[in-house]
Each structure stands twice: as structure tokens, then as C-alpha cells.
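Trainee: I am new to this structure and would like a close look at a single part. Could you take me through one helix and its surroundings, step by step?

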Amino acid sequence: ETSIDALITRVGDLKNALASFISKLENEYDRLTWPSVLDSFALLSGQLNTLNKLLKNEKTPLLRNQVIIPLLLSPDRDEELMKLTEGRVPVFSHEVVPDHLRTKPDPEVEEQEKQLSAEAARIAPDVAQKQIQSLNKMCTNLTEKLSKEERESESGGLRQNKPTYNPADTNALVSAVLVGKGLSHRRPPGPTAPVPPGQGPMLTGAPGMQQVSMSAPANQQQAMAGVSQPPPGQPGKMPSNIKTTIKSMHPYQR
């Protein structure tokens with residue numbers, strides 16, 4: 001009785017798991033994810049393995065040696081039977097007993113099994129061995145392909161996680177933009193453009209920069225030279241004509 005109770009408990013757990021999974025498929029199919037389906041399959045597989053271990057246990061009697069005999073058949077509705085079968089079997093009559101207490105498969109299934117057994121008996125042993133080896137080879141090749149695809153997918157994921165830039169190149173570019181590090185001071189070869197009037201020659205080693213000669217007015221020249229202009233009507237030294245040269249320095253010149 002203890003073994004039967006344990007079997008009933010395990011079968012009830014398996015039934016609840018199946019009902020939950022079917023409910024998910026019917027009601028949550030629009031938001032059902034593959035990991036959730038795998039979890040449900042893993043739960044069902046674990047419960048089936050537990051049930052098989054329980055059936056193979058030494059303390060569990062062989063159920064195939066047990067015989068079930070119906071003691072009472074009635075066409076009337078049985079509420080207790082309805083409760084035990086959760087509404088699947090309302091009556092225990094001559095109509096349903098052969099289906100629920102059958103110890104052999106259906107006649108159609110039994111006929112198909114006989115045909116398969118006859119076809120297997122007609123195959124020679126050496127031919128059967130060759131077919132077994134061919135099937136094993138196909139399974140081995142399929143397993144190797146699946147393993148290769150799994151390894152390639154894992155390596156592809158690792159490649160995607162690698163950085164797509166070189167930090168050294170990035171630092172060199174930032175240094176060149178900010179402080180001019182690594183820039184060349186050579187002028188590109190080619191004819192020299194004529195210098196417009198009023199502009200000096202180009203600075204050597206500084207592309208785009210040139211000397212500019214500027215002639216300031218007399219009062220600005222005197223102020224820049226530090227010479228004070230005497231008041232009108234007083235004799236004084238004539239200021240000299242001062243020519244100021246301004247050099248533009250290249251910001252990246254080192």
C-alpha cells in the first residue's frame with residue numbers, strides 16, 4: 001500500500017505539471033518564451049525519471065503481476081468514482097471496463113506490431129548489423145555537427161565581445177588634435193603661390209602662416225616705441241619711422 005501511495009503521489013505531481021504546461025501553451029502562447037518551454041520540459045523529464053526509479057525500486061512490487069478484477073459494475077453515476085477520476089469516468093459499466101482494464105494494446109496497434117515484427121524477422125542478421133552500423137554512423141555525424149555548431153556559436157559570441165578599436169591609436173589621435181603631437185612640419189612639394197602685396201614670406205616649418213609687415217600711424221608708432229610726442233609749438237625730436245613686424249606662431253609648433 002505504501003508503494004501504491006507513493007506512485008499515486010508521483011503520478012499526481014506529473015499530472016499537475018502536464019496540466020500547467022498545457023495551460024501555458026493554450027493561454028500564454030503569445031508571450032511564451034523558449035527558456036520557459038525548456039524549463040517545463042526539464043520539470044516533466046525529472047518527474048518521469050523519478051517515477052521510473054520508483055517503479056524499479058526493490059521495494060515496489062511488480063505491477064504486471066497484479067490482477068485487477070471489477071467487483072461491481074453499474075450503469076448508474078458514481079460520485080466517488082467521479083471524484084477519484086476528476087470527472088473523466090462518471091460510471092463504471094460494461095462499456096468502459098474493457099477500455100480501462102485492458103492489459104493488451106488496441107487491436108490496431110497490436111496488428112501494426114505484428115507487421116513490424118514480421119518485417120524484422122525477414123531481415124538477414126548481416127544486413128541488420130549493417131543497418132545498425134549505418135544508423136550509428138549517422139547519429140555520430142549528427143552529434144559532431146551539432147557540437148561543432150555549438151562551438152562556433154560560442155566562439156562567435158566571444159569575437160563579438162572583443163573591442164573594435166585600438167586604444168593606442170585613439171590616444172595618438174587625441175594627442176595630435178590637442179597638442180599637435182606627431183604632426184609633420186614639412187611643406188608639401190609644389191609651386192609656390194605669389195605673395196600678395198603687403199604680406200611677408202611664409203614662415204618656414206609652419207604651413208599656412210606668414211610674416212605680416214604692418215605700418216602703424218605716427219601716434220601709434222610713437223606709443224609702441226615708448227617716445228612721447230611734444231606738445232604743439234614746442235621743439236622736439238622728430239620720431240623715426242618705426243616698422244613693426246608681427247610673427248604668427250604655429251599653435252602646433254614644438
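Mentor: Happy to; here is a walk around helix H2, with a short look at the rest of the protein before and after.

This is a predicted model, in which local features need pLDDT of at least 70 and side-chain atom pairs count only at pLDDT 80 or more, while totals for chains, interfaces and linings use all residues. Residues are numbered from 1 along each chain as its sequence is written, and side-chain values use heavy atoms, with hydrogens and water left out.

First, the setting. The protein has eight helices and three strands; these are DSSP runs numbered from the N terminus, with helices being H or I runs of at least four residues and strands E runs of at least two. From the N terminus on, the order is α-α-α-α-α-α-α-β-β-α-β.

Now to H2 itself. With 22 residues at 1.5 Å each, H2 should span 32 Å, and its end C-alpha atoms are indeed 32 Å apart; the expected span is 1.5 Å times one less than the number of residues. The buried residues of H2 are Val37, Ser40, Leu44, Gln47, Leu51 and Leu54. Here buried means under 20% relative accessible area, exposed over 50%, and partly exposed in between, using a 1.4 Å probe and protein chains only. Looking down the axis of H2, you find its buried residues within an arc of 115°, so they line one face of the helix; the arc is that of the directions from the helix axis to the C-beta atoms. A general point helps here: an α-helix has 3.6 residues a turn, so residues three or four places apart point the same way. On the other side of H2, Trp34, Pro35, Asp39, Ala42 and Lys53 are exposed.

What lies over the buried face? The cover of the buried residues of H2 includes H1. The largest nonpolar core has eight residues: Leu7, Leu14, Ala17, Phe21, Val37, Leu44, Leu51 and Leu54. Such a core is a set of buried Ala, Val, Leu, Ile, Met, Phe, Trp, Tyr and Cys residues joined through side-chain atoms within 4.5 Å. Helix H1 (2–27) and helix H2 (34–55) each supply at least two residues of this core.

Phe21 is a good place to zoom in. With 11% relative accessibility, Phe21 counts as buried. Leaving aside neighbours within four places in sequence, Phe21 is in contact (heavy atoms within 4.5 Å) with Val37, Ser40, Phe41 and Leu44. Ser40, which sits in helix H2, is buried at a relative accessible area of 10%. Not counting residues up to four places away in sequence, Ser40 touches Phe21 and Lys24.

A search of the whole structure finds one aromatic pair. The rings of Phe21 and Phe41 have centres 5.2 Å apart and planes at 65°, so the pair is edge-to-face. Rings of Phe, Tyr and Trp (its six-membered ring) pair if their centres lie within 6.5 Å, with planes under 30 degrees apart counted as stacked, over 60 as edge-to-face and the rest as tilted. Phe21 lies in H1 and Phe41 in H2, so the pair ties together parts 20 residues apart in sequence. Phe41 counts as partly exposed, at 45% relative accessibility.

Finally, a word on confidence. The protein averages a pLDDT of 75, and 69% of the residues score at least 70; pLDDT is the predictor's confidence in each residue, from 0 to 100.
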